[in-house]
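Please look over the sequence and the model shown here before reading on. The paragraphs that follow take one strand as their starting point and work outwards from there.

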Amino acid sequence: MRIENYFAKSEGRKITRLELYHNKPKQIHWKGPLFFILSCLILSAGVLVTQQYWQKTIRIEAPEENLGKKVVVHLPNGSDVFTYEKLIVKKEGKTFYKGERNTIDLTGGTVTYENWGSK
């Protein structure tokens, strides 16, 4: 088989041996990577939207404690203690404020029922 018998398709000339056996470079197909990138973007956007939705729907609320009426204790030194009725404890003739972290002696103070939360 002679190389002179092969003609170039577009030019109508003879093909050389180098042109005949030369591997043509592969063309890059952009459809595959483009589809992969777009699907990753859509998937990540969907995950973020779903995560935001679930974060907004989850609510953890502390149970409401009924501490009684709001009171003001006027101490003999002129200071006031704002607290709730159930946090005042009377033991052995003394009055104490019993909070979560501390205990205050309120002996000698007068208790007044006032709504100190709203003015």
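**A strand with two faces**

Along β2 the side chains alternate, with V81 and T83 buried and pointing to one face, while D80, F82 and Y84 point to the other face and are not buried; here buried means under 20% relative accessible area, exposed means over 50%, and partly exposed lies in between, with a 1.4 Å probe and protein chains only. Strands (E, at least two residues) are DSSP runs numbered from the N terminus. The model is a predicted one, in which local features need pLDDT of at least 70 and side-chain atom pairs count only at pLDDT 80 or more, whereas totals for chains, interfaces and linings use all residues. Residues are numbered from 1 along each chain as its sequence is written, and side-chain values use heavy atoms, with hydrogens and water left out.

The two buried residues of β2 also appear in its pairing with β1. Strand β1 (residues 70-74) runs antiparallel to β2 and is joined to it by 5 bridges, where two strands count as paired if DSSP finds at least two bridges between them. Among these partners, V73 is bridged to V81, and V71 to T83. The two strands form a hairpin with 5 residues between them, and G78 in the turn has a positive phi of about 100°.

This hairpin belongs to an open sheet of 3 strands in the order β2-β1-β6, with antiparallel pairing. Its edge strands are β2 (80-84) and β6 (110-113), each of which pairs on one side only. From one strand to the next the twist averages 30°, taken between axes that are lines fitted to C-alpha atoms, with angles running from 0 to 180 degrees between N-to-C directions.

Elsewhere, T95 lies in strand β4 (residues 94-98). T95 counts as buried because its relative accessibility is 17%. Leaving aside neighbours within four places in sequence, T95 is in contact (heavy atoms within 4.5 Å) with I88, V89, K90, I104, D105, L106 and T107.

Two ring arrangements complete the picture. K69 lies over the face of Y113, at 5.9 Å from the ring centre; a charge sits over a ring if NZ of Lys or CZ of Arg is within 6 Å of the ring centre and within 35 degrees of the ring normal. The count of aromatic pairs comes to 1. The rings of Y53 and W54 have centres 5.5 Å apart and planes at 70°, so this pair is edge-to-face, given that rings of Phe, Tyr and Trp (its six-membered ring) pair if their centres lie within 6.5 Å, with planes under 30 degrees apart counted as stacked, over 60 as edge-to-face and the rest as tilted.

Notes:
Helices (H or I, at least four residues) and strands (E, at least two) are DSSP runs, numbered from the N terminus.
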